[in-house]
Amino acid sequence: MRRCLRGDAEAIESLVLRFQPDVFGLCVKLLNHRQDAEDVTQETFLRVFRSLRRWDSDRPLKPWIIGIAVNRCRTWMAQRARRPELVEFLQDVTSSRPQDDSAELVREIEAALRELRPEYQSVFVLFHDQGQAYEEIAAALERPVGTIKTWLHRARVCVLERLRQRGMVSEVGHELP
Amino acid sequence: MNCLECREFLQQHLDGAAIDTVLVQSHLAGCPDCRGLFEAARQLQRGLAGRRVAVASVDLAQRITHGILRDRARRRRRQQLAPALLAASLLLVVGLYVILTRRPNDGVRNDVVEHRTNFPNSLQQSLEEAGLAVVSLTYRTASETADQTRLLLPAAMPDAPVADMKVLQQSITSTGPSLEDAKQGMLAGLEPVTLSARRAVDLFLRELPPVGPDRKGGL
């Protein structure tokens with residue numbers, strides 16, 4: 001950290017490489033656009049290094065960085081809402097999973113997430129896509145754990161209701177998910 | 001079990017916690033609404049597992065690092081220019097104060113000026129002082145900025161004349177971004193000085209005594 005503050009390029013790149021996958025992954029899931037995600041990732045790290053002196057070293061670094069990334073994504077989404085809608089989503093992304101017939105299901109889930117309130121969307125993506133625990137999300141967003149649980153539960157209910165309305169519930173069985 | 005409890009179990013299940021499946025199954029058997037919700041949850045988990053994993057560009061980390069270093073250098077240059085700008089502004093304020101407090105008495109304001117190039121001595125002196133103050137502060141600001149600019153030139157600039165034009169061109173080209181940044185910094189830094197100097201001159205010209213009725217106005 002001291003080397004980063006002194007402007008050591010290697011130390012800076014090392015810190016970027018350590019957190020870039022999490023930040024980029026989050027930005028991609030929230031923005032649904034790879035180029036935007038790269039831009040916001042760059043902006044996030046720029047702000048991280050501008051504020052590094054003010055970071056409290058008693059707090060873990062990752063939630064702080066994730067919190068900055070979430071805020072940058074929200075700002076970007078608000079600005080994008082004022083521009084013409086982007087149709088080029090993740091089409092140029094190399095998938096690490098084989099193509100299957102659940103493409104429509106994925107599209108419906110992503111559409112449902114876009115309709116959520118920004119804070120609900122952030123919490124949903126951080127929990128289900130980034131695999132972060134309630135406590136980590138609470139630290140990143142600077143909210144109580146109880147609030148994070150409430151937001152996530154409401155987000156899930158909204159997404160599930162939308163999937164039902166859109167006819168994505170194919171069979172009604174008794175099996176648990 | 002009622003629907004509220006069943007939905008709470010669903011949330012716990014989606015959290016990854018273990019639940020009493022027998023109890024839930026017995027409720028689902030008799031509640032189509034909760035059954036639909038659980039089926040939607042199954043689809044949700046299937047869909048989440050099928051979401052694409054985006055891959056960043058291979059050079060993203062490098063681009064981010066360069067961006068951070070450039071931003072850092074730009075902020076440092078601005079911090080170094082700030083004291084010079086502050087000094088220049090203070091000098092202007094002092095110069096303006098000297099001009100305004102030493103101008104001729106208002107009682108002789110309406111006197112006719114004999115010739116438009118013959119100013120009263122005190123006004124002549126004030127004019128000279130103001131001119132010297134503006135020249136001095138502009139020279140100082142420009143010198144300090146030029147010193148900072150020299151620091152930006154890369155160490156790779158050849159000292160001796162270079163026979164190979166390609167090598168020289170490469171050296172010059174590689175300094176391009178640094179000089180461009182320096183130029184932008186200088187322009188940004190000198191703008192308030194220029195504006196203040198212009199305002200001071202305007203104020204000064206407004207305070208000049210009017211010329212006689214037979215002569216045209218102005219210097």
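This passage describes the fold of chain A, the interface between chain B and chain A, and a set of salt bridges in a predicted model.

Chain A is helical in its secondary structure, with eight helices and zero strands, and from the N terminus on its elements accordingly read α-α-α-α-α-α-α-α. Of the 177 residues in chain A, 50% are buried. The accessible surface of chain A amounts to about 9,300 Å², and 45% of this area belongs to carbon and sulfur atoms. When the contacts in chain A with a separation of 6 or more are considered, 67% of them join residues that stand 24 or more positions apart.

The two chains meet in an interface at which 47 residues of chain B are in contact with 60 residues of chain A. Together, chain B and chain A bury about 5,000 Å² between them, with 59% of that area lying on carbon and sulfur atoms. Polar interactions are also found here, since the rule identifies twelve residue pairs in polar contact across the interface of chain B and chain A, both residues being at pLDDT 80 or more. On the side of chain B that touches chain A, the elements giving two or more residues are helix H1 (3-15), helix H2 (21-30), helix H3 (32-49) and helix H4 (60-101) of chain B. Among these elements, H3(B) provides the largest share of that side, namely 16 residues. Sorted by class, the side of chain B that touches chain A is made up of 22 nonpolar, 13 polar and twelve charged residues.

Salt bridges were examined next, both between the chains and within them. Over all chains the count comes to 16 salt bridges, and between chain B and chain A the count is four. One of the salt bridges between the chains is formed by Asp15(B) and Arg156(A), whose closest N and O atoms are 2.7 Å apart. Another joins Asp33(B) to Arg164(A), with the closest N and O atoms 3.2 Å apart. This pair crosses between chains, as Asp33(B) belongs to helix H3 of chain B and Arg164(A) to helix H8 of chain A. Both partners are partly exposed, for Asp33(B) has a relative accessible area of 38%, while Arg164(A) has a relative accessibility of 22%.

Asp33(B) also takes part in a salt bridge within chain B, where its side chain meets that of Arg7(B) at 2.8 Å, N to O. Because Arg7(B) lies in helix H1 of chain B and Asp33(B) in helix H3 of chain B, the pair ties together parts that are 26 residues apart in sequence. Arg7(B) is likewise partly exposed, with a relative accessible area of 28%.

Within chain A, the side chains of Arg162(A) and Glu108(A) meet in a salt bridge with an N to O distance of 3.4 Å. Arg162(A) is placed in helix H8 (residues 145-165) of chain A and Glu108(A) in helix H5 (residues 103-114) of chain A, so this pair ties together parts that are 54 residues apart in sequence. Both Arg162(A) and Glu108(A) are buried, in contrast to Asp33(B), which is partly exposed. The pair is also part of a wider arrangement, since Glu108(A), Glu115(A), Arg162(A) and Arg166(A) are linked in a network of salt bridges.

Terms used. Residues numbered from 1 in each chain as written. Chains lettered and ligands numbered in written order. Predicted model: local features only at pLDDT ≥ 70, side-chain atom pairs only at ≥ 80, totals over all residues. Heavy atoms only, no water. Contact = heavy atoms within 4.5 Å. Buried area = accessible area lost by both parts, 1.4 Å probe. Polar contact = N/O pair within 3.5 Å; in protein donor to acceptor, adjacent residues only side chain to side chain. Helix = DSSP H or I, 4+ residues; strand = E, 2+ residues; numbered from the N terminus. Nonpolar A, V, L, I, M, F, W, Y, C, P; charged D, E, K, R; others polar. Buried < 20%, exposed > 50% of the residue type's maximum accessible area, 1.4 Å probe, protein only. Areas by Shrake-Rupley, 256 points an atom, 1.4 Å probe, with all protein chains shown as cover.
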